[in-house]
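Thanks, everyone; please bring up the sequence and the structure, and I will talk through them.

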Amino acid sequence: MVNKNHDLGTAHSGFNEWYWQRLSAVVLAVLLPGTFILLWTVYLGDLNQFELLDWIDSFVSRLLHTLLIVALIVHAYIGLKVMIEDYVHTGLRIVLIAGILVMMSLFGIWWLALIWAWGG
Amino acid sequence: MTETIKLSVFRYDPEKGGKPSMQAYEVPFSGAGMKLLDALNYIKWHLDGTLTYRRSCGEGVCGSDGLNINGVNGLACITPIAGLKQPIHVRPLPSMEVIRDLVVDMDHFFDQYRQIKPWLQTYSPAPEHERLQSPEERAELDGAYECIMCGCCTTSCPSWWWNGDRFLGPATLLQADRWIKDSRDEATGERLDQLEDAFKLYRCHQIMNCMEACPKGLNPTKAINHIKRTLLNRKS
Ligand code: SF4
Ligand code: SF4
Ligand code: FES
């Protein structure tokens, strides 16, 4: 173990990460099953292709979809960041975290553009 | 015929150099009440005086003989020989620097304990007699005051293995919570301030190794969650 006292004081940032991790988990737990229910109703034949597209097109659906993607990205980003902090102990840590942040943001922007550009 | 106990004990002397090794010993079984510490004492007193380990009270109150016993952390003095698979593998607490044989360097561990200021802090003028606590307020400290700072929990925590330089670890956090809960302490806000950190506190991922390792049956995970909940209440 380390002998030197590495106490750098408190960063006052741990709470927010923990909070958003949990909040995004709740949003995911509520919204993610919705997508499977939607798929299920299509497979059961309760919803045909046009009804499905209508639903995906609707404002409420786009809003929920947006929420889902944002929650997914927040959750995945914090999760990966924490894992990197756990196991990577060199300067590479910051590089990796920054890389993930950029990739996640690009993915999110692309997906949101898809959601809101859909159908017009 | 006396039964014998087989042990395999970690040996290392940095001053002599060389590699750590496991040494085999055989010790007579002295009866149902025999604890692992009795076997180590037998080795030291009758077989091999060079074997080095810490112990003091011999009854689970001083916290000095935390060891890794067959892969599980515990106190040698209260671990019955009878339940252990043989040969009994005895190693120092994991992830700690070995000073010699089973003795590890606890400096950093106690440094972290000191960081949370484990003493009563008050600002109001001292009352004429003692600061009183109702039986209910006192009961809040159950499950925390029993901790003997043996380090069995902290050295079994993966989060502490990987980030022990900054993560305070279950033992220290259990004590941090003990002072947060203490009705007489008036520095609760500052204590919470000092813990709100992604490494000091939130590195705990609720793996619960700590709870399983604690020889006193305490639950540091619960205490850590209580600190997190208190921080949540403060913010929302
Ligand atoms: S619950 Fe937290 S403190 Fe306990 S072993 Fe797991 S990570 Fe470590
Ligand atoms: S919580 Fe248990 S295992 Fe941890 S230091 Fe205290 S007594 Fe030892
Ligand atoms: S010798 Fe004191 S706790 Fe084991």
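What share of the contacts in chain B with a separation of 6 or more comes from residues 24 or more positions apart? With contact taken as heavy atoms within 4.5 Å, that share is 62%. Before going on, I should say that this is a predicted model, in which local features need pLDDT of at least 70 and side-chain atom pairs count only at pLDDT 80 or more, while totals for chains, interfaces and linings use all residues. Residues are numbered from 1 along each chain as its sequence is written, chains are lettered from A and ligands numbered from 1 in the order in which they are written, and side-chain values use heavy atoms, leaving out hydrogens and water.

Of the 236 residues of chain B, 48% count as buried, meaning under 20% relative accessible area, with exposed being over 50% and partly exposed in between (1.4 Å probe, protein chains only).

Now to the largest nonpolar core, a core being a set of buried Ala, Val, Leu, Ile, Met, Phe, Trp, Tyr and Cys residues joined through side-chain atoms within 4.5 Å. It has 61 residues, of which L7(B), I88(B) and I227(B) touch the most other members. Because domain 1 (4–104) and domain 2 (107–235) of chain B both contribute residues, this core lies between them; the bounds come from an automatic or database domain assignment. Apart from this core lies another, of 11 residues, including Y77(A) and V88(A).

Leaving aside residues up to four places away in sequence, I227(B) touches L173(B), A176(B), D177(B), I180(B), L192(B), L195(B) and L201(B).

As for the cysteines, C150(B) is buried at 9% relative accessibility, whereas C57(B), at 27%, is partly exposed.
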